[in-house]
Amino acid sequence: MMALVKCAIIGSGNIGSDLMIKIIRTAKNLEMGAMVGIDPDSDGLARAARLNVPVTHEGIDGFLKLPNYKDIKIVFDATSAKAHIHNNALLQKDGKKVIDLTPAAIGPFTIPVINGDANLDEPNVNMVTCGGQATIPMIYAVRRACKRLIYGEIVASISSKSAGPGTRANIEEFIETTSKAIETVGGAERGKAIIVLNPAEPPLIMRDTIFTLSQGGDKEAIERSIHEIVAQVQKYVPGYRLKQNVQFENIGGNAPIRIPGIGLCTGLKTTIMLEVEGAAHYLPAYAGNLDIMTSAALATADLWAGKLLAKEAA
Amino acid sequence: MARPNPDKLYIQDVTLRDGMHPVRHRYSLDQVRSIAKALDEAYVDAIEISHGDGISGSTFNYGFGAHDDVEWVAVVADVCKHAVVTVLLLPGIGTLHDLRQVHDVGARSVRIATHCTEADVSRQQIETARKLGMDTVGFLMMAHMASPEKLVEQARLMESYGAECIYVTDSAGALLPKDYMERVKAVRDALRPETEIGVHAHHNLTMGVANAVAGIEAGAVRVDASLAGMGAGAGNTPLEALVAVLDKMGMKTDCNLFKLMDAADDLVRPLQDRPVRVDRESLSLGYAGVYSSFLRHAEAAAKLYNADTRDILIELGKRHMVGGQEDMIIDVALNILKQRGAAA
């Protein structure tokens with residue numbers, strides 16, 4: 001059997017821990033080479049140690065000193081936007097392939113179902129945000145079924161328990177990065193992202209609502225396109241589903257809407273309501289926001305690792 | 001930020017911000033100008049202006065405004081001779097980029113609002129507002145959903161980030177005076193003496209003035225109110241009534257009561273295309289503990305899907321929805337439709 005590609009995760013919080021479990025259980029071409037944290041008492045590091053994954057609690061500096069550092073080809077960064085800039089600079093010097101799960105957005109935005117292989121050879125690829133991974137496929141679904149997508153807006157509601165300190169410190173970057181990716185990856189002329197944390201007990205499953213304003217598309221074609229993309233996302237996130245029928249409303253010239261930065265607009269409003277149930281690898285099923293992010297990162301890394309292995313075998 | 005009248009209550013008007021909800025965020029620039037001028041001449045301490053859901057709230061989810069926040073803020077800044085121009089910012093909706101833009105056109109005070117258990121998402125925003133030199137307020141919304149102890153913990157976080165004043169905000173108009181007093185007192189006792197406490201009430205259970213007074217008696221020195229109670233749900237504490245009551249109680253403000261009465265009845269009440277009052281729907285908000293801003297969205301969804309507004313609001317309360325989750329109103333209405341279909 002051929003050796004798998006070794007990877008490491010920086011950040012032993014919710015996202016890093018969930019990703020580690022996914023890699024161990026479901027990756028085709030990857031295996032865990034290291035788990036890197038900064039808190040020696042963190043649950044994520046303890047869990048990694050129990051699973052015989054090499055660990056360090058000394059952050060990026062500790063990672064660079066690990067005996068098997070040189071064998072590691074892929075590094076996932078699940079820290080924060082600020083920490084990622086520092087980490088990436090060090091990792092690039094050593095030629096590591098970096099998958100960025102923070103909203104730092106140094107590398108190109110990657111959403112597997114839209115542009116999974118387009119940026120595969122870039123040294124750093126960015127996974128946008130959890131809300132972006134959940135919603136931008138829907139923006140894209142409307143975009144490809146109409147002539148003009150004037151506006152895309154997303155509302156991501158996540159349970160407070162699933163939002164760790166990194167997520168909470170990066171609300172600003174979440175909005176900026178997601179809004180930008182709605183435009184550049186989703187194809188909307190203008191994007192707006194909203195995130196809401198809900199502390200209800202028991203925790204609520206991640207919900208996402210997508211609103212678009214388009215011109216020159218028919219409702220049936222838009223709906224068909226949405227269902228197709230939902231099915232494609234389900235291949236890597238089985239708990240991704242439409243919660244309600246797609247809603248349409250014509251915005252006519254008698255009551256146009258005034259979109260900030262654009263002005264008065266008319267067109268077809270489409271409302272898409274999703275639920276994202278997690279696979280419960282690390283946090284329970286309510287944390288679909290973890291799942292969609294880590295599944296997208298894993299799908300991207302697995303694809304790259306598969307190509308690398310194929311090249312080595314050739 | 002030191003204020004000129006430290007021995008008096010700080011009257012924060014919200015007619016042009018919370019009052020955006022009853023007009024679905026559609027005040028014209030002329031309306032904003034005339035109301036702001038009247039408030040300034042009646043000597044309120046500060047005037048809040050922005051989309052009802054804060055800067056950049058102009059969206060499908062919360063309703064598109066008639067103008068951008070920058071335009072509205074600039075008009076208020078232009079007519080205010082002494083009142084502080086205030087804006088609202090909800091982390092998760094508005095950004096620091098948006099805050100800098102409204103600061104550039106004259107906003108000098110900002111309330112950074114989070115759900116009452118999620119204060120730790122406000123750090124970047126509070127720190128940035130302080131760096132801009134703005135009067136910086138932490139605004140803990142839906143305070144009925146947290147215990148006094150939890151509110152204290154969250155208020156301390158905002159204080160530690162640099163907030164100079166912390167509001168105990170009854171966004172659902174669901175608190176009774178005794179509960180309001182208990183919460184304000186707990187927060188007052190826990191924070192540094194120089195950190196001010198503020199109260200923001202909604203009138204859904206007819207407690208608008210009573211809760212404001214309860215908060216003041218428990219140690220709050222800033223109080224939100226609006227002309228004719230213009231605000232989400234059954235509205236906020238009516239400013240003119242509050243000033244009259246405070247005067248009767250011997251509490252000092254700088255406000256001119258008769259000017260406020262005139263502005264309320266001549267300028268604001270005529271704009272209420274849906275009466276701002278305690279009725280079946282707005283009472284349901286207070287009773288079920290639902291975010292007051294949901295009212296007009298729930299009424300619109302009820303009309304679109306032929307459902308009952310009260311049923312929608314009660315279900316939102318059961319689901320523990322928080323401020324910002326207006327999209328779930330459509331979800332609830334569609335579920336009611338489905339259930340009806342299944343029953344038929």
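This passage describes strand pairing, helix packing, burial and charge pairing in chains A and B of a predicted model.

In chain A, an open sheet is built from six strands that pair in the parallel sense, and their order across the sheet is β3-β2-β1-β4-β5-β6. The edges are taken by β3 (55-56) and β6 (124-126) of chain A, each of which has a single partner strand, so that one side of each is left without a neighbour in the sheet. Within this arrangement, strand β1 (residues 5-10) of chain A is joined to strand β4 (residues 74-77) of chain A by four bridges, the two strands running parallel, and A:I10 has A:D77 as its bridge partner in β4(A). Helix α4 (residues 81-93) of chain A packs on the sheet, where it touches β1, β4, β5 (97-100) and β6 of chain A, and the direction of the helix makes about 165° with that of β5(A).

In chain B, parallel pairing was followed through strand β2 (residues 46-49), from which B:A46 and B:E48 point one way and B:I47 and B:I49 the other way, all of them being buried. This division agrees with the general pattern that in a regular strand the side chains alternate between the two faces of the sheet. On one hand, β2(B) is joined by three bridges to strand β1 (residues 10-16) of chain B, which runs parallel to β2(B), and here B:L16 stands opposite B:I49. On the other hand, β2(B) pairs in the parallel sense with strand β3 (residues 84-89) of chain B, again over three bridges, with B:E48 opposite B:T86 of β3(B). Helices connect these strands: β1(B), helix α1 (residues 29-41) of chain B and β2(B) make a right-handed β-α-β unit, and a right-handed unit is likewise made by β2(B), helix α2 (residues 69-79) of chain B and β3(B).

Strand β7 (residues 196-200) of chain B is mostly covered, five of its five residues being buried. From β7(B), B:E196, B:G198 and B:H200 point one way, whereas B:I197 and B:V199 point the other way. Five bridges join β7(B) to strand β6 (residues 165-169) of chain B, and the two run parallel; β7(B) also pairs in the parallel sense with strand β8 (residues 222-225) of chain B, over two bridges. The residue B:V199 takes part in both pairings, since it stands opposite B:V168 of β6(B) and has B:V223 as its bridge partner in β8(B). The chain crosses from β7(B) to β8(B) through helix α7 (residues 208-217) of chain B, and this β-α-β crossover is right-handed. A right-handed β-α-β unit is also made by β6(B), helix α6 (residues 177-190) of chain B and β7(B).

Charge pairing was examined over all chains, and a search of the whole structure finds 39 salt bridges. One of the pairs lies within helix α1 (residues 14-26) of chain A, where A:D18 and A:K22 are four residues apart, about one turn of the helix. The side chains of A:D18 and A:K22 meet at 2.8 Å, N to O, and both residues are buried. A second salt bridge, between A:E277 and A:R241, has an N to O distance of 2.3 Å. This pair links distant parts of the chain, 36 residues apart, with A:E277 in the loop between β14 (267-276) and α10 (288-313) of chain A and A:R241 in strand β10 (residues 240-242) of chain A. Both partners count as partly exposed, because the relative accessibility of A:E277 is 27% and the relative accessible area of A:R241 is 30%.

In chain B, a salt bridge is formed by B:R319 and B:E315, whose closest N and O atoms are 3.8 Å apart. The burial of these two residues was assigned separately: B:R319 is buried, with a relative accessible area of 18%, while B:E315 is partly exposed, with a relative accessible area of 29%. Elsewhere, B:R274, B:R277, B:D279, B:R280, B:E281 and B:E299 are joined into one network by salt bridges that share partners.

An acidic residue without such a partner is B:D98, which lies in helix α3 (residues 96-104) of chain B. B:D98 is buried yet has no salt bridge, and the nearest side chain of opposite charge, that of A:K192, is 4.9 Å away. Because a salt bridge requires a nitrogen to oxygen separation within 4 Å, this pair is not counted as one. With neighbours within four places in sequence left aside, B:D98 is in contact with B:I55 and B:S56.

Note on methods:
Residues numbered from 1 in each chain as written. Chains lettered and ligands numbered in written order. Predicted model: local features only at pLDDT ≥ 70, side-chain atom pairs only at ≥ 80, totals over all residues. Heavy atoms only, no water. Pairing = 2+ DSSP bridges. Contact = heavy atoms within 4.5 Å. Axes fitted to C-alpha atoms, helices over the stretch in contact; angles between N-to-C directions. Buried < 20%, exposed > 50% of the residue type's maximum accessible area, 1.4 Å probe, protein only. Lys, Arg positive; Asp, Glu negative; His and termini not counted. Right-handed = clockwise from strand over helix to strand, strands pointing away.
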